[in-house]
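Let's walk through this one together, starting with how its parts meet and then moving on to what lies inside.

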Amino acid sequence: MSKNMNLVRAEMGDAEFRRFSDMIQRELGIKMPPTKKVLLQSRFQKRLRALGMSTYKEYCDYVFSDAGREAERQHMVDVVTTNTTHFFREPKHFDILTNKVLPEFWRTIGSSREIRIWSAGCSSGEEPYTLGMVLSDFAEKHNGFKFSITATDISFQILQRARNAVYPLEKADEIPQQYKKKYLLKSKDPKKPLMKIDKKVRDRVSFKQINFMDDFRMDQKMDIIFCRNVVIYFDRPTQEVLFDKFCNFIRTDGYLFIGHSESLSGMRLPIKQMAPTVFKRLP
Ligand SMILES: C[S@@+](CC[C@H](N)C(=O)[O-])C[C@H]1O[C@@H](n2cnc3c(N)ncnc32)[C@H](O)[C@@H]1O
């Protein structure tokens, strides 16, 4: 029987699962209840194969060894994180941005300084590039409006894809016509149905690797933070610590946008609710 056949039949023991799940929760913040054992097992399979290992015990011992800890950490992140995302995901947020938040900043800040936005947990780039399109469009209509976007994620691999800014052409369907015309470049080769985000939007976005479980810092305060569909994988105390930290990074009267399936209710944070998942930083 081939080694790969052995791998497919290998099962993760409860002791190994506990060691992995404790580490994932502690170091990445991501909840790993026992119901996730089969999922974790199947996601680790390709690592076992790549390393030529035939049991999860062998892999577990390697991951917790001095040699394996560093070497395997990034792979662990890449297999454990969920990166689902779309352009203009939860479109109401971008309406609020265009019709309320940006006009408000334009009235109060004008061209005196740039507006700083953070896409926290940006995955493959669809969220920061959506922000880039919406703000570039606003800047075209408001002479002197300046902005920059910082996009961060824990996963090195997903950040590489985001920096590339190349997507399957079918993803253009997620983007409203008015932005599609201005900010997308389509491949001329019919055999390669791809599109690339235009340089004028790409140039406004800078990418950086940040793990929210680390003691991270930002060099300047933000006007707007988008942290959507990231903390759903964290437990409530971890969420509260993280949002409190985010509040320290937002200027007074700045905004926090969270995902539609997330909630800050019951958390003691210096913010007031402006719309169901949109909050304003209090003085
Ligand atoms: C489902 S995606 C959300 C993408 C985008 N914000 C959206 O709403 O479409 C969640 C992202 O959070 C990232 N993530 C998970 N745990 C993280 C952590 N501890 N620190 C930073 N990012 C993390 C994942 O790598 C993933 O790309």
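## Ground rules

Two residues are in contact when they have heavy atoms within 4.5 Å. This is a predicted model, so to speak of local features we need pLDDT of at least 70, and side-chain atom pairs count only at pLDDT 80 or more, while totals for chains, interfaces and linings use all residues. Numbering runs from 1 along each chain as its sequence is written, and side-chain values use heavy atoms, with hydrogens and water left out.

## Two domains and their interface

The domain assignment (bounds from an automatic or database assignment) gives domain 1 (3–80) and domain 2 (92–281). Their centres, taken over C-alpha atoms, sit 32 Å apart. At the interface, 11 residues of domain 1 are in contact with 11 residues of domain 2.

Together the two domains bury about 870 Å², 50% of it on carbon and sulfur atoms; buried area here is the accessible area (1.4 Å probe) lost by two parts on being put together, summed over both. On the domain 1 side, α2 and α5 are the elements that give two or more residues to the surface touching domain 2. Helices (H or I, at least four residues) and strands (E, at least two) are DSSP runs, numbered from the N terminus.

What about charges and polar groups? The rule finds zero salt bridges across this interface, a salt bridge being a side-chain nitrogen of Lys or Arg within 4 Å of a carboxyl oxygen of Asp or Glu. There are, however, six residue pairs in polar contact, both residues at pLDDT 80 or more. A polar contact is a pair of N or O atoms within 3.5 Å; within protein, one must be able to donate a hydrogen and the other to accept it, and residues adjacent in sequence count only if both atoms are side-chain atoms.

## The cores

A nonpolar core is a set of buried Ala, Val, Leu, Ile, Met, Phe, Trp, Tyr and Cys residues joined through side-chain atoms within 4.5 Å. Buried means under 20% relative accessible area, exposed over 50%, partly exposed in between (1.4 Å probe, protein chains only). The largest core has 48 residues, and Phe20, Phe44, Trp118, Phe212, Ile225 and Phe246 have the most contacts inside it. Elements supplying at least two residues each include α2 (14–28), α3 (37–51), β7 (222–227) and α11 (236–249). Both domains take part, with at least three residues from each.

Leaving out residues up to four places away in sequence, Ile225 touches a group including Trp118, Phe246, Phe249 and Phe257. A second, separate core of 43 residues includes Ile109, Met133, Phe145 and Leu184.

## The whole chain

The chain has 11 helices and 10 strands, and 51% of its 283 residues count as buried.
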